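User: I would like a close look at a single part of this model, namely the salt bridge and the residues around it. Please take me through that part and then place it in its wider setting.

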Amino acid sequence: MTATSADDTAILASHQNPITASINLQHHLNQLEKWLKRWGIKTNENKSTHITFSLKRETCPAVTLNGQHIPQGETAKYLGIHLGRRLTWQKQIFTKRKQLGLQLHRMYWIIGRKSKLSLENKLLIYKNHPKVHLGYSK
């Protein structure tokens with residue numbers, strides 16, 4: 001299966017046997033390679049990641065695109081969502097918490113101790129920040 005959105009493309013192959021899944025994936029990558037060449041489209045193989053979604057430790061054999069080995073990873077980012085090989089939300093939650101923490105830190109000048117804003121207004125700004133509503137702790 002191929003999933004595309006703007007300039008992002010994900011090619012998915014599924015099978016109980018990881019070797020068969022890799023063979024299917026490589027076959028599709030070969031077809032994609034021909035299509036890209038025919039239309040004169042270049043790919044950035046350095047941004048590509050090969051990931052095996054499974055609860056087992058084994059991974060699928062390596063695949064190539066345009067003669068270059070696609071590195072296997074533990075996580076992949078697709079459409080802004082971080083997907084881990086075990087399909088848990090752990091990486092996504094960690095990344096979002098970090099982003100929201102940085103946003104809150106950037107707002108320190110207005111809600112910090114030296115700000116001339118009233119305490120009531122500081123609390124209003126703080127309580128309306130998304131991180132406060134997430135409801136989980138470290």
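Analyst: What follows begins with the salt bridge and moves outward from there to the residues and the pocket that belong in the same account.

The model is a predicted one, and a search of the whole structure finds one salt bridge. Its partners are arginine 85 and glutamate 74, whose closest N and O atoms are 4.0 Å apart. The pair links distant parts of the chain, eleven residues apart, with arginine 85 in the loop between β6 (81–84) and α2 (90–106) and glutamate 74 in the loop between β4 (68–69) and β5 (75–78).

The two partners fall into opposite classes of accessibility. Arginine 85 has a relative accessible area of 8% and is buried, whereas glutamate 74, at 53% relative accessibility, counts as exposed. Since the threshold for exposed is over 50%, glutamate 74 with its 53% is assigned to that class.

Both partners are also touched by isoleucine 51, which makes this residue a useful next stop. Isoleucine 51 is placed in the loop between α1 and β3 (64–65), and a relative accessible area of 15% puts it among buried residues. Not counting residues up to four places away in sequence, isoleucine 51 touches Gly73, Glu74 and Thr75, together with Ala76, Leu83, Gly84 and Arg85. Its C-alpha atom is separated by 15 Å from that of alanine 3, a residue 48 places away along the chain.

The loop that holds arginine 85 also contains leucine 87, since that residue too lies between β6 and α2. Leucine 87 is exposed, with a relative accessible area of 54%, and its phi is near 55°, a positive value in a residue other than glycine. A phi near 55° is also found for asparagine 66, which sits in the loop between β3 and β4 and, at 35% relative accessibility, counts as partly exposed.

Beyond that loop comes helix α2, where glutamine 92 has its place. Glutamine 92 is buried, with a relative accessible area of 10%, and, leaving out residues up to four places away in sequence, it touches Gly80, Ile81 and His82. Threonine 95 also belongs to helix α2 and counts as buried at 14% relative accessibility. Between the C-alpha atoms of threonine 95 and isoleucine 81, which are 14 residues apart along the chain, the separation is 9.5 Å.

For the wider setting, the largest pocket holds about 1500 Å³ of space. Its lining comprises 44 residues, and Thr9, Ala10, Ile11, Thr49 and His50 lie nearest its centre. At least two residues of this lining come from each of β2 (8–11), α1 (18–39) and β5, and α1 gives the largest share, seven residues. Sorted by class, the lining has 22 nonpolar, 15 polar and seven charged residues.

Ile11, one of the residues nearest the centre of that pocket, is also part of the largest nonpolar core, whose six residues are Ile11, Leu25, Leu29, Val63, Leu65 and Ile70. Within this core, leucine 29 is in contact with Ile11, Val63, Leu65 and Ile70, and also with Thr64, once its neighbours within four places in sequence are left aside. In soluble globular proteins, nonpolar side chains tend to be buried together.

Key. Residues are numbered from 1 along each chain as its sequence is written. This is a predicted model: local features need pLDDT of at least 70, side-chain atom pairs count only at pLDDT 80 or more; totals for chains, interfaces and linings use all residues. Side-chain values use heavy atoms; hydrogens and water are left out. A nonpolar core is a set of buried Ala, Val, Leu, Ile, Met, Phe, Trp, Tyr and Cys residues joined through side-chain atoms within 4.5 Å. Buried means under 20% relative accessible area, exposed over 50%, partly exposed in between (1.4 Å probe, protein chains only). Contact means heavy atoms within 4.5 Å. A salt bridge is a side-chain nitrogen of Lys or Arg within 4 Å of a carboxyl oxygen of Asp or Glu. Helices (H or I, at least four residues) and strands (E, at least two) are DSSP runs, numbered from the N terminus. On a 1 Å grid over the protein atoms alone, a cavity is a set of points where a 1.4 Å probe fits but cannot get out, and a pocket is an open set with protein on both sides within 12 Å along at least five of seven lines; lining residues have an atom within 4 Å of a point. Grid points are joined across faces, edges and corners, and a volume is the space filled by probe spheres set on the points. Ala, Val, Leu, Ile, Met, Phe, Trp, Tyr, Cys and Pro count as nonpolar, Asp, Glu, Lys and Arg as charged, and the others, Gly among them, as polar.
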